[in-house]
Amino acid sequence: SGLAGDPAYPTKAPVMPQGATASEEELREGHDKLQAYVKVLEAYQSCLENQIKAAPPDTKPEVKQRWQAMADAAISAAQSIANIYSSQLRAYKSRD
């Protein structure tokens, strides 16, 4: 097969600032890191989905299922970190 194995999973998620104590600048930096990480996860997901589409006809179904599960997990991770950031932003805004 012409496939070189699975795409490398993105590095671990950035640490999100704590809304109860973070400065506005720390929240802005956290948002920028979050956006960059989500883009990496989306690119990873896209790579896996392209790999599924381009797989040779003799690729085992369980291999394609594993790739799809990995793609789905990347999107879940993106949603999870976005939710964490949102909750910290709410905590920051509720301090006043």
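In this predicted model, helices are DSSP runs of at least four residues, numbered from the N terminus, and Ala73 is found in one of these runs, helix H2.

**Exercise 1. Describe the overall build of the protein from its helices, its extent and its radius of gyration.**

Step 1. Begin with the secondary structure, where the protein has two helices and zero strands.

Step 2. Turn next to the extent of the C-alpha trace, which spans about 60 × 15 × 15 Å along the principal axes of the protein.

Step 3. Then set the radius of gyration beside the value for a globule: the protein has 17 Å, whereas a compact globule of 96 residues would have a value near 12 Å.

Step 4. Finally, consider burial and contacts, for 30% of the 96 residues count as buried, and among contacts between residues at least 6 apart in sequence, 77% join residues at least 24 apart.

**Exercise 2. Work out how helix H1 and helix H2 are arranged relative to each other.**

Step 1. Locate the two elements, with H1 covering residues 24-54 and H2 covering residues 61-93.

Step 2. Take the geometry of their axes, which come within 9 Å of each other and cross at roughly 165 degrees.

Step 3. Apply the cut-off, by which angles over 145 degrees count as roughly antiparallel; H1 and H2 are therefore roughly antiparallel to each other.

Step 4. Add the hand of the crossing of H1 and H2, which is left-handed, and then the make-up of their contact, which by class has 20 nonpolar, five polar and four charged residues.

**Exercise 3. Decide whether Ala71, Gln45, Ala73 and Pro57 are buried, partly exposed or exposed, and place each of them in the structure.**

Step 1. Recall the cut-offs, since buried means under 20% relative accessible area, exposed means over 50%, and partly exposed lies in between.

Step 2. Ala71 lies in helix H2, and because its relative accessible area is 0%, Ala71 is buried.

Step 3. Gln45 has its place in helix H1, and with a relative accessibility of 19% Gln45 counts as buried.

Step 4. Ala73, in helix H2, has a relative accessibility of 39%, so Ala73 counts as partly exposed.

Step 5. Pro57 sits in the loop between H1 and H2, and Pro57 is exposed because its relative accessible area is 85%.

**Exercise 4. Trace the contacts of Ala71 and Gln45, leaving aside residues up to four places away in sequence.**

Step 1. Start from Ala71, which touches Gln45, Leu48 and Glu49 when those sequence neighbours are not counted.

Step 2. Move to Gln45, which on the same terms touches Ala71 and Ile75.

Step 3. Put the places beside the contact: Ala71 belongs to helix H2 and Gln45 to helix H1, and the two residues touch.

**Exercise 5. Describe the surroundings of Tyr9, and then set separation in sequence beside distance in space for several residue pairs.**

Step 1. Tyr9 has its place in the segment before H1, and with a relative accessible area of 42% Tyr9 is partly exposed.

Step 2. Leaving aside neighbours within four places in sequence, Tyr9 is in contact with Tyr37, Leu41, Tyr44, Ala73, Ala74 and Ala77.

Step 3. Tyr9 and Trp67 are 58 residues apart in sequence, and their C-alpha atoms are 11 Å apart in space.

Step 4. Ala71 and Ser94, by contrast, are 23 residues apart in sequence and 35 Å apart in space, C-alpha to C-alpha.

Step 5. For Pro57, the C-alpha distance to Ala73 is 25 Å with 16 residues of separation in sequence, while the C-alpha distance to Thr11 is 31 Å with 46 residues of separation.

Definitions and conventions. Residues are numbered from 1 along each chain as its sequence is written. This is a predicted model: local features need pLDDT of at least 70, side-chain atom pairs count only at pLDDT 80 or more; totals for chains, interfaces and linings use all residues. Side-chain values use heavy atoms; hydrogens and water are left out. Axes are lines fitted to C-alpha atoms, for helices over the stretch in contact, and angles run from 0 to 180 degrees between N-to-C directions. Angles under 35 degrees count as roughly parallel, over 145 as roughly antiparallel, 65 to 115 as roughly perpendicular and the rest as oblique. A crossing is left-handed if the near helix is turned anticlockwise from the far one by less than a right angle, and right-handed if clockwise. Ala, Val, Leu, Ile, Met, Phe, Trp, Tyr, Cys and Pro count as nonpolar, Asp, Glu, Lys and Arg as charged, and the others, Gly among them, as polar. Buried means under 20% relative accessible area, exposed over 50%, partly exposed in between (1.4 Å probe, protein chains only). Contact means heavy atoms within 4.5 Å. The radius of gyration is taken over C-alpha atoms; the globule rule is 2.2 Å times the number of residues to the power 0.38.
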